[in-house]
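Dear colleague,

I am passing on the structure we spoke about, with the sequence alongside. My notes on what was found in it follow below the display, arranged so that you can read them with the model open.

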Amino acid sequence: MSILTKTFAATALALAVMSGAALAEYPEGPVEFVVPWPPGDLEDVLTRMIAEDFQEAYGVPAAVVNRPGGGGGPFPGAIEVANAPADGSVIGSFIIAIPVVGPQLGIPELDPDPFVPLGNFLTYPFVIATSGDAPYQTMEELAAHAADNGVVLGHFGAPLVPTQVTLGLAQEMGFSFAADAAFDALDCNTLASGDVDVINTTLQLILPCLDDVTVLASIGSERIPLTPDAPTVAEIAPDLNVALWNGLFVHRDTPQDVRDAIIAVAQETVMSDRAQSLAAETGAAVYWQPADEVEAQIQTDIETLNRIGEMLSQ
């Protein structure tokens with residue numbers, strides 16, 4: 001084969017490869033959904049449903065990867081998504097804290113916010129709870145008790161939204177917690193062990209012992225169907241009205257057609273019968289909120305959290 005023929009063949013091969021790459025459709029390989037928290041909670045369960053449907057729809061492996069740790073930052077799971085290629089191969093399943101609080105914590109990978117939302121799919125039934133035999137069974141009774149007794153709060157991280165809302169509520173009601181501590185998991189065992197007196201956690205994590213605990217309040221604007229007698233924080237203190245949501249996010253450089261492909265599966269999954277059954281069983285709201293509405297929600301939540309921060313700094 002002459003040098004000219006070899007050169008032509010090599011050029012043709014290169015053009016064929018380039019043409020194939022240009023025509024390749026997303027996804028070309030395995031996809032990871034990163035959940036920055038331990039497995040078992042609602043965002044994890046629903047993200048696994050989405051991953052299963054994604055794998056079936058596109059014929060590529062799709063797995064959920066849990067990256068817990070750093071409830072007050074640095075959010076290693078979010079950093080992993082921020083550092084991944086902007087090609088849809090790594091998708092974040094993030095709570096409100098990642099886009100709302102993350103950029104304010106001085107974490108280089110998260111400031112400025114590197115993500116764009118695909119859509120929100122879950123509003124947590126997040127609660128402030130205590131043991132059923134505690135000497136207070138309402139927020140008002142807790143406030144009175146805390147005036148003369150030390151009460152310890154367990155949370156997922158001091159800067160996180162539910163913690164800030166809980167501390168803000170205490171201040172609005174004229175009391176403060178004697179101490180607080182962060183935990184990777186806040187469930188039935190946390191209260192039973194006596195490590196803390198009050199926890200703020202998702203209802204999902206205390207469902208197995210719901211008959212043995214008291215839900216003092218829920219965080220959000222609507223009462224939880226499974227605990228209808230517990231008031232919302234917004235009922236007690238309207239300025240603390242924050243919904244605790246979870247959504248799918250990718251790096252903001254991710255092409256729109258890739259985003260659309262992910263959205264198509266996720267939207268169908270969360271509106272499916274099995275996802276809606278999970279909502280009914282757990283008291284969660286499971287839905288699809290499009291990206292533009294999520295962007296607006298994030299800005300509103302940032303303003304609310306800034307107001308709470310100013311309240312707590314006084």
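**The chain as a whole**

Of the contacts in the chain with a separation of 6 or more, 76% are between residues 24 or more positions apart. Please keep in mind throughout that this is a predicted model, so the values below are computed from its atoms. The chain has 314 residues, 50% of which count as buried, and its secondary structure comes to 12 helices and 11 strands. Taken along the principal axes, the C-alpha atoms fill a box of roughly 95 × 40 × 35 Å.

**Where to trust it**

The average pLDDT of the chain is 88, and 91% of the residues score at least 70. Confidence is highest in helix α10, at 98, and lowest in helix α1 (residues 3-23), where the mean is 38. Over residues 1-23 the pLDDT stays under 50, and for this stretch the model has one contact beyond four places in sequence. I have therefore left the placing of residues 1-23, where pLDDT stays under 50, out of the notes that follow.

**Helix α2 and its partner α11**

Helix α2 covers residues 42-58, and helix α11 covers residues 273-282; the two pack at an angle of about 170°, with their axes 11 Å apart. An angle over 145° counts as roughly antiparallel, and α2 and α11 are therefore roughly antiparallel to each other. From α2 the contact takes in Leu42, Val45, Leu46, Met49, Glu52 and Asp53, which meet Arg274, Ala275, Leu278 and Thr282 of α11. By character, the residues of this contact divide into six nonpolar, one polar and three charged.

The length of α2 also agrees with expectation, since its 17 residues should span 24 Å at 1.5 Å a residue, and its end C-alpha atoms are 24 Å apart. The buried residues of α2 are Leu42, Glu43, Asp44, Leu46, Thr47, Met49, Ile50, Ala51 and Phe54, a list that includes the charged residues Glu43 and Asp44. After α2 comes Gly59, whose phi is positive, near 70°.

**Helices α10 and α12**

Helix α10 (residues 256-270) has 15 residues, which at 1.5 Å a residue should span 21 Å, and its end C-alpha atoms are indeed 21 Å apart. Its buried residues are Val258, Arg259, Ala261, Ile262, Ile263, Val265, Ala266, Thr269 and Val270. Among the elements that cover them are the helices α2 and α11, together with the strands β3 (90-95), β4 (115-123), β10 (245-251) and β11 (285-290).

For helix α12 (residues 291-313), the 23 residues should span 33 Å at 1.5 Å a residue, and the distance between its end C-alpha atoms, 33 Å, agrees. The buried residues here are Val294, Ile298, Asp301, Ile302, Thr304, Leu305, Ile308 and Met311, and they pack against α4, β4, α6 (161-172), β10 and β11.

**Single residues to look at**

Gly247 has its place in strand β10 and is buried, with a relative accessible area of 0%. Not counting residues up to four places away in sequence, Gly247 touches Gly92, Ser93, Phe94, Gly119, Asn120 and Phe121. Gly247 and Glu43 are 204 residues apart along the chain, yet their C-alpha atoms are separated by 8.5 Å.

Pro74, in the loop between β2 (62-66) and α3 (76-83), is partly exposed, with a relative accessible area of 42%. Leaving aside its neighbours within four places in sequence, Pro74 is in contact with Ile79, Ile107 and Leu110. From Pro74 to Gly106 the C-alpha distance is 8.9 Å, although the two are 32 residues apart in sequence.

Two cis peptide bonds may also be worth a look. One joins Tyr26 and Pro27, with omega about -5°, and Pro27 lies in the loop between α1 and β1 (31-35). Another runs from Asp111 to Pro112, with omega near 5°, and Pro112 lies in the loop between α4 (97-100) and β4.

With best wishes

Methods: Residues numbered from 1 in each chain as written. Predicted model: local features only at pLDDT ≥ 70, side-chain atom pairs only at ≥ 80, totals over all residues. Heavy atoms only, no water. Axes fitted to C-alpha atoms, helices over the stretch in contact; angles between N-to-C directions. Helix = DSSP H or I, 4+ residues; strand = E, 2+ residues; numbered from the N terminus. Parallel < 35°, antiparallel > 145°, perpendicular 65-115°, else oblique. Contact = heavy atoms within 4.5 Å. Expected span 1.5 Å × (residues − 1). Buried < 20%, exposed > 50% of the residue type's maximum accessible area, 1.4 Å probe, protein only. pLDDT = per-residue confidence, 0-100.
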